[in-house]
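Thank you all for coming. I would like to walk you through one chain, beginning with its overall architecture and then turning to a single annotated position.

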Amino acid sequence: MSSEPIEQAGAGAPDNFQRLWTPHRMAYIKGENKPSGTGEDDGCPFCEIPKLPDEDGLIVARGSAVYAVLNLYPYNSGHLMVVPYRHVADYADLDEPETAELAEFTKRSTLALRKASGAQGFNIGINLGGVAGAGIAAHLHQHVVPRWGGDTNFMPVVGHTKVLPQLLRDTRALLADAWPVS
């Protein structure tokens, strides 16, 4: 590779950086499809997703009280969320069946991710409330983020860019096939 700056028409002053463009992220940055209010009829995507076919909604598995869905803006390939069907914002407001199935689906998420992708570890958690980092605070959702040794490299650390090696629909199909039955 040459050490000379690369001419990049329209990209500003020539420099030595190669650029990976991720224009789909602009929808997330601008808050597109983000609910306009706190009610389930205020455009909540977590209330709309279960109405779609699994492939279109990126749903990996459905239970009676919760469902597992791929994150549309993942931190890592296979980033799942476990979401109650009921529009509820606070973990303390879940009823016993919802709490139990949320835990069971979180467990199944880790099993499916290990089987389908060889995940070596996980970040699992809930951002409860907007001040805690919840992008959609009005509808509770638990993140299950698979991790591998060395999955944090210069791209996210220096480049503030995450490279995902697989399309979400393909990842959904792999995880749905690997989902453990009860």
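What you have on the screen is a predicted model, and in it the chain is made up of six helices and five strands. If we follow the sequence from its start, the order of these elements reads α-α-α-β-β-β-α-β-β-α-α.

Before we go to any one residue, a few totals for the chain. There are 182 residues, of which 36% are buried, and the chain exposes about 10,800 Å², with carbon and sulfur atoms supplying 56% of that area. As for the contacts whose partners have a separation of 6 or more, 57% of them join residues that are 24 or more positions apart.

Now to the annotated position, which is His141: the UniProt entry, an unreviewed one, carries the annotation "active site" for this residue, and I would keep in mind that such annotations may be inferred rather than shown by experiment. Where does His141 sit with respect to the strands? It lies in the loop between β4, residues 121-125, and β5, residues 142-147.

Is His141 buried or exposed? Its relative accessible area is 7%, and because buried means under 20%, His141 counts as buried.

Which residues, then, does His141 touch, leaving aside those up to four places away in sequence? They are Phe46, Met81, Val82, Val83, Gly125, Ile126 and Ile136. Closer along the chain, I would also point out His139, whose backbone oxygen lies 2.8 Å from a polar atom of the His141 side chain.

Definitions and conventions
Residues numbered from 1 in each chain as written. Predicted model: local features only at pLDDT ≥ 70, side-chain atom pairs only at ≥ 80, totals over all residues. Heavy atoms only, no water. Helix = DSSP H or I, 4+ residues; strand = E, 2+ residues; numbered from the N terminus. Buried < 20%, exposed > 50% of the residue type's maximum accessible area, 1.4 Å probe, protein only. Contact = heavy atoms within 4.5 Å. Areas by Shrake-Rupley, 256 points an atom, 1.4 Å probe, with all protein chains shown as cover. Polar contact = N/O pair within 3.5 Å; in protein donor to acceptor, adjacent residues only side chain to side chain.
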